[in-house]
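Here is my note on the model you sent, set out as numbered points. Please read each point beside the sequence and the structure.

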Amino acid sequence: MKTFIRSALALLIAAGVATGVAVGTGRAADDDGKGKPAQGLDAAGALKRLTDGNARYVSHKEKHPHLDEHRLKEVAKGQHPYATILTCADSRVSPELMFDEGLGDLFVIRVAGNVVDDVVLGSIEYGAAHLHTPVIMVLGHERCGAVGAAVKNVVEPGHISSLVTRILPAVRAAKKQEGDLVENSVRANVELVVGQIKAAEPVIAELVLAGKCKVVGARYDLDDGSVTIDPFDE
Ligand SMILES: [Zn+2]
């Protein structure tokens, strides 16, 4: 009997490790349970740090922080990223590079067209609710191929069509605007996804309502490397 209990416990612990959930606490393994904003930053502080890092990147004066052996060993014990970032899988759009950050600073989810489904929302919730990032950023980018495919409404074999389908409502909204349709669709898609994340019940919607987490949109400029945060409220 004791052997069975020990085996069952080992299985539970193994399951906890595999899913990142600390057995018995209901918290993520990286969650200190204190609910404090990661790295001591509130939303304004996190956005300033992102903006400052991007300014260094644009002016080619990067510090390349948090990449040494000390940091490697430090974050091996636990992670405390200060921003959750959903962006595109595009190889030119790398948050750690464009914000001049290092190991353990950003909780990044990348998927073509920076769209959300339940799986992506689950990752975003992990960043916001368990790692306590005070900011969730949806980062679209100039000349996004996934958005371009949705604008052309190309029918692709396989699974690309499921990305296109999710971006189509943004394209429809953008068609009512003057100007470049792909560019306007990129912006509309970010705005759409920001709304979907803010409305994600019950976890993120409650964090936003309680003022514990701010969801912002942003656009990355492929030509000069600059990030414009929340250009959608203008
Ligand atoms: Zn893209």
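Helices and strands are taken here as DSSP runs, at least four residues for a helix and at least two for a strand, and they are numbered from the N terminus.

1. This is a predicted model, and everything below should be read in that light. The protein chain has 9 helices and 5 strands, and along the sequence these follow the pattern α-α-α-β-α-β-α-β-α-α-α-α-β-β. Of its 234 residues, 38% count as buried. Among the contacts with a separation of 6 or more, 68% are accounted for by residues 24 or more positions apart.

2. The loop between β3 (135-141) and α6 (145-152) holds Arg143, a residue that has a positive phi of about 50 degrees although it is not a glycine. Is Arg143 buried or exposed? The answer lies in between, because 15 other C-beta atoms within 10 Å make Arg143 partly exposed.

3. Asp100 also deserves a look, since this residue, although not a glycine, has a positive phi of about 50 degrees. Asp100 sits in the loop between α4 (95-98) and β2 (106-110). With 22 C-beta neighbours inside 10 Å, Asp100 counts as buried, because the cut-off for that class is 20 or more.

4. For the backbone, I would also note the peptide bond from Glu201 to Pro202, which is cis, with omega near -5 degrees. Pro202 is placed in the loop between α8 and α9 (203-209).

5. Turning to helix packing, the axes of α6 and α7 cross at roughly 75 degrees and come within 8 Å, which means that α6 is roughly perpendicular to α7. On the α6 side the contact is made by Ala146, Val147, Ala149, Ala150 and Val151, and on the α7 side by Ile160, Leu163, Val164, Ile167, Leu168 and Val171. By class, this contact of α6 with α7 has 11 nonpolar residues, with no polar and no charged ones.

6. Helix α7 (residues 160-174) also packs on helix α8 (residues 181-198), at an angle of about 120 degrees and with the axes 8 Å apart, and α7 is therefore oblique to α8. The crossing of these two helices, α7 and α8, is right-handed. Which residues of α7 and α8 meet? From α7 they are Ile167, Pro169, Ala170, Val171, Ala173 and Ala174, and from α8 they are Leu181, Asn184, Ser185, Ala188, Asn189 and Leu192. By class, the contact of α7 with α8 has 9 nonpolar and 3 polar residues, and no charged ones.

7. The largest nonpolar core has 57 residues, and those that touch the most other members are Ala83, Met137, Val138, Ile167 and Ile197. Helix α8 gives the most to this core, with 7 residues. Ile167, one of the five named above, is also listed in the contact of α6 with α7 and in that of α7 with α8. As background, nonpolar side chains tend to be buried together in soluble globular proteins.

8. Which residues does Ala83 touch, not counting residues up to four places away in sequence? They are Ala46, Leu50, Leu106, Phe107, Thr133, Val135 and Met137. Of these contacts, Met137 is itself listed with Ala83 among the core residues that touch the most other members.

Definitions and conventions: Residues are numbered from 1 along each chain as its sequence is written. This is a predicted model: local features need pLDDT of at least 70, side-chain atom pairs count only at pLDDT 80 or more; totals for chains, interfaces and linings use all residues. Axes are lines fitted to C-alpha atoms, for helices over the stretch in contact, and angles run from 0 to 180 degrees between N-to-C directions. Angles under 35 degrees count as roughly parallel, over 145 as roughly antiparallel, 65 to 115 as roughly perpendicular and the rest as oblique. A crossing is left-handed if the near helix is turned anticlockwise from the far one by less than a right angle, and right-handed if clockwise. Two residues are in contact if their C-beta atoms, placed from the backbone, lie within 7 Å. Ala, Val, Leu, Ile, Met, Phe, Trp, Tyr, Cys and Pro count as nonpolar, Asp, Glu, Lys and Arg as charged, and the others, Gly among them, as polar. A nonpolar core is a set of buried Ala, Val, Leu, Ile, Met, Phe, Trp, Tyr and Cys residues joined through C-beta atoms within 7 Å. A residue is buried if 20 or more other C-beta atoms lie within 10 Å of its own, exposed if 12 or fewer, and partly exposed in between; C-beta atoms are placed from the backbone.
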